[in-house]
Amino acid sequence: MSGLEIERKFLVRKGGAYKRAASSSSHIRQGYIPADGATVRIRVRDDKAYLTIKGRSTNGGMTRYEFEKEITLDEADHLLALCKGGLIDKRRYLVPSGGHTFEVDEFYGDNEGLVMAEVELGDEHEAYDKPDFIGMEVTGDKRFYNSHLLSNPFSLWRHTLPEEYR
């Protein structure tokens with residue numbers, strides 16, 4: 001897959017309502033290979049693996065070019081060994097809402113307690129229905145980029161967020 005990725009990102013309120021609303025979930029481990037001008041991610045999602053390259057964000061962090069290709073688990077293991085700063089470990093829940101699906105990520109390790117949701121859109125102005133557990137929008141806030149969470153984990157700055165998000 002390749003093309004423009006248009007998404008909005010939100011914090012999720014405490015309480016676990018997203019788990020009850022989810023149609024499925026999967027375990028994800030991912031790491032990042034250093035690159036200037038792009039984000040190079042290696043991801044293992046349950047029993048499949050992917051190489052993803054993302055360009056710089058535009059429009060307040062909402063839009064960017066994305067290239068993704070499925071790779072073998074063996075290739076992913078070798079590439080994960082090249083990643084710097086450790087790995088992101090999380091569980092992703094898919095939550096249908098209207099005509100969209102929210103991807104809700106529950107983080108583990110140094111990012112334990114952080115729960116975020118993303119919704120992909122066809123264009124920047126597309127309307128969507130937000131489930132009740134969706135809270136404050138954080139689109140474009142670099143603190144919430146997965147690649148940034150490796151070097152600046154949620155455990156170091158969780159106290160800066162309102163109680164309903166930590």
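These exercises work through the fold, the cores and three residues of a predicted model.

Residues are numbered from 1 along each chain as its sequence is written, and side-chain values use heavy atoms, with hydrogens and water left out. In this predicted model, local features need pLDDT of at least 70 and side-chain atom pairs count only at pLDDT 80 or more, while totals for chains, interfaces and linings use all residues.

**Exercise 1. The overall fold**

Task: State how many helices and strands the chain has, and judge its radius of gyration against the globule rule.

Solution:
- Step 1. Count the elements. The chain has four helices and nine strands. Helices (H or I, at least four residues) and strands (E, at least two) are DSSP runs, numbered from the N terminus.
- Step 2. Read their order. The pattern along the sequence is β-α-β-β-β-β-α-β-β-β-β-α-α.
- Step 3. Apply the rule. The radius of gyration is taken over C-alpha atoms, and the rule is 2.2 Å times the number of residues to the power 0.38. For 166 residues a compact globule would have a value near 15 Å; the chain has 15 Å, so the two agree.
- Step 4. Add the box. Along the principal axes, the C-alpha atoms fill roughly 40 × 35 × 30 Å.
- Step 5. Check burial. Of the 166 residues, 43% count as buried. Buried means under 20% relative accessible area, exposed over 50%, partly exposed in between (1.4 Å probe, protein chains only).

**Exercise 2. Strand β8 and the largest core**

Task: Explain why strand β8 counts as largely enclosed, then find which elements give two or more residues to the largest nonpolar core.

Solution:
- Step 1. Look at β8, residues 115–120. Five of its six residues are buried, so the rest of the structure largely encloses the strand.
- Step 2. Find a partner. Strand β7 (residues 100–107) pairs with β8 in the antiparallel sense over five bridges. Two strands pair if DSSP finds at least two bridges between them. Phe-102 stands opposite Val-119 in β8.
- Step 3. Go to the core. A nonpolar core is a set of buried Ala, Val, Leu, Ile, Met, Phe, Trp, Tyr and Cys residues joined through side-chain atoms within 4.5 Å. The largest has 16 residues; Val-12, Tyr-18, Phe-102, Val-104, Phe-133 and Ile-134 have the most contacts inside it.
- Step 4. Name the elements. β1 (2–12), β6 (88–97), β7 and β8 each give two or more residues to this core.
- Step 5. Note the other core. Apart from the largest lies one of 14 residues, including Tyr-32, Val-138, Leu-150 and Tyr-165.

**Exercise 3. Glu-106 and Ile-42**

Task: Decide whether Glu-106 and Ile-42 are buried or exposed, and list some neighbours of each.

Solution:
- Step 1. Place Glu-106 in strand β7. Its relative accessible area is 15%, so Glu-106 is buried.
- Step 2. Find its polar partner. A polar contact of 3.2 Å joins the side chains of Glu-106 and Lys-19. Such a contact is a pair of N or O atoms within 3.5 Å; within protein, one must be able to donate a hydrogen and the other to accept it, and residues adjacent in sequence count only if both atoms are side-chain atoms.
- Step 3. Add contacts, meaning heavy atoms within 4.5 Å. Not counting residues up to four places away in sequence, Glu-106 touches Tyr-18, Lys-90 and Leu-114, among others.
- Step 4. Place Ile-42 in strand β3 (residues 39–45). Its relative accessible area is 0%, so Ile-42 is buried.
- Step 5. With neighbours within four places set aside, its contacts include Ile-33, Ile-71, Leu-79 and Cys-83.

**Exercise 4. Asp-123**

Task: Find which backbone nitrogens the side chain of Asp-123 reaches.

Solution:
- Step 1. Asp-123 is in the loop between β8 and β9 (134–137). Asp-123 is partly exposed, at 39% relative accessible area.
- Step 2. Its side chain reaches the backbone nitrogen of His-125 at 2.7 Å. A polar atom of that side chain also lies 3.0 Å from the backbone nitrogen of Glu-126.
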